[in-house]
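Colleague: Thanks for sitting down with me. Could you take me through this model and the terms used for it?

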Amino acid sequence: MLDKKNGKKIITALLVLSCIVSGIILAASPEFKSYRLENTRELDSLLNVHIQDARINPNQIRVSSIRIDTIFTRKEYRIEVPSRFSKTLFHVDLHKDLFKYDMEAPAKVHFPSHDMDIYVYHQGTVLRTIRLTTNPELDSLVTPEN
C-alpha cells in the first residue's frame with residue numbers, strides 16, 4: 001500500500017505530465033482560421049450550395065423575404081423534403097460550414113412532425129431561416145444522382 005507521501009508525489013507527477021501533454025497538443029494544433037462573408041449574397045450562395053449538395057429539387061424550395069425593419073429584410077427558405085431525408089445531417093453539415101464564417105446555426109425541431117427550423121445567426125442577428133418540412137408525397141420521387 002502506498003503511503004500519503006508517495007501518493008502525493010505520484011499525483012503531482014501525473015499533473016505535470018498532463019500539463020506537458022496538453023501544451024504539446026495546443027502547440028501542434030492548427031490555428032483556427034475564420035473566414036468572412038462580404039455580403040448576404042455570398043451567404044445565399046453558400047446556402048444554395050448546401051441545398052444542391054443535399055440533392056433538393058429547386059421546385060421544392062420557396063424563398064420569401066420578411067421585412068424586419070426599415071433597413072433589414074430576412075430571407076426565409078421553405079424547403080419540402082421527403083420523409084427519408086435526414087434533416088439532422090443537413091443541419092450538421094450546414095453548421096460545420098457556417099462555423100468557419102463565425103456564424104451559428106441553431107435549430108428547433110417540431111414534434112410530432114419532426115419538421116426543423118434552422119436559424120442562421122451572426123453576431124446575435126438572425127440572417128436567414130431555413131424551414132425543412134416533410135412532404136410524404138415526395139417519397140415517390142427519385143433524386144438525381146450526381
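Modeller: The protein chain exposes about 10700 Å², and carbon and sulfur atoms supply 58% of that area. Accessible areas come from the Shrake-Rupley method with a 1.4 Å probe, and for residues only the protein chains shown count as cover. This is a predicted model, where local features need pLDDT of at least 70 and side-chain atom pairs count only at pLDDT 80 or more, while totals for chains, interfaces and linings use all residues. Residues are numbered from 1 along each chain as its sequence is written, and side-chain values use heavy atoms, with hydrogens and water left out.

Colleague: How do you know how many helices and strands the protein chain has?

Modeller: Helices (H or I, at least four residues) and strands (E, at least two) are DSSP runs, numbered from the N terminus. On that basis the protein chain comes to three helices and five strands, in the order α-α-β-β-α-β-β-β from the N terminus on.

Colleague: Why is the protein chain called more spread out than a compact globule?

Modeller: Its radius of gyration is 23 Å, well over the 15 Å that the globule rule gives for 146 residues, so the description follows. The radius is taken over C-alpha atoms, and the rule is 2.2 Å times the number of residues to the power 0.38. Along its principal axes, the C-alpha trace spans about 70 × 40 × 30 Å.

Colleague: Is D115 buried or exposed, and what makes you say that?

Modeller: Buried means under 20% relative accessible area, exposed over 50%, and partly exposed in between (1.4 Å probe, protein chains only). D115 has 16% relative accessibility, so it counts as buried. Of the 146 residues of the protein chain, 27% count as buried. D115 sits in strand β4 (residues 115-122). Leaving aside neighbours within four places in sequence, D115 is in contact (heavy atoms within 4.5 Å) with residues including K87, H110 and L132. The C-alpha atoms of D115 and I10 are separated by 54 Å.

Colleague: I10 brings me to the surface patch: which residues make it?

Modeller: I10, L14, L17, V21 and I25 make a nonpolar patch of about 460 Å². Patch residues have over 30% relative accessible area and no salt bridge; like charges are joined within 9 Å, and nonpolar side chains (Val, Leu, Ile, Met, Phe, Trp, Tyr) within 5 Å. A salt bridge is a side-chain nitrogen of Lys or Arg within 4 Å of a carboxyl oxygen of Asp or Glu. V21, in helix α1 (residues 4-28), has a relative accessible area of 40%, so it is partly exposed.

Colleague: How do you know that β1 and β2 pair?

Modeller: Two strands pair if DSSP finds at least two bridges between them. Strand β1 (residues 61-67) and strand β2 (residues 73-81) have seven bridges, in the antiparallel sense, with R62 and R78 as bridge partners. A hairpin of five residues joins β1 to β2. Seven bridges also join β2 to strand β5 (residues 125-134), and these strands run parallel. K75 stands opposite R128 in β5.

Colleague: What makes the backbone at R55 and P112 worth a look?

Modeller: Most residues other than glycine have a negative phi, and most peptide bonds are trans. R55 has a positive phi of about 60 degrees although it is not a glycine, and is found in the loop between α2 (40-53) and β1. The peptide bond from F111 to P112 is cis, with omega near 5 degrees. P112 is in the loop between β3 (107-110) and β4.
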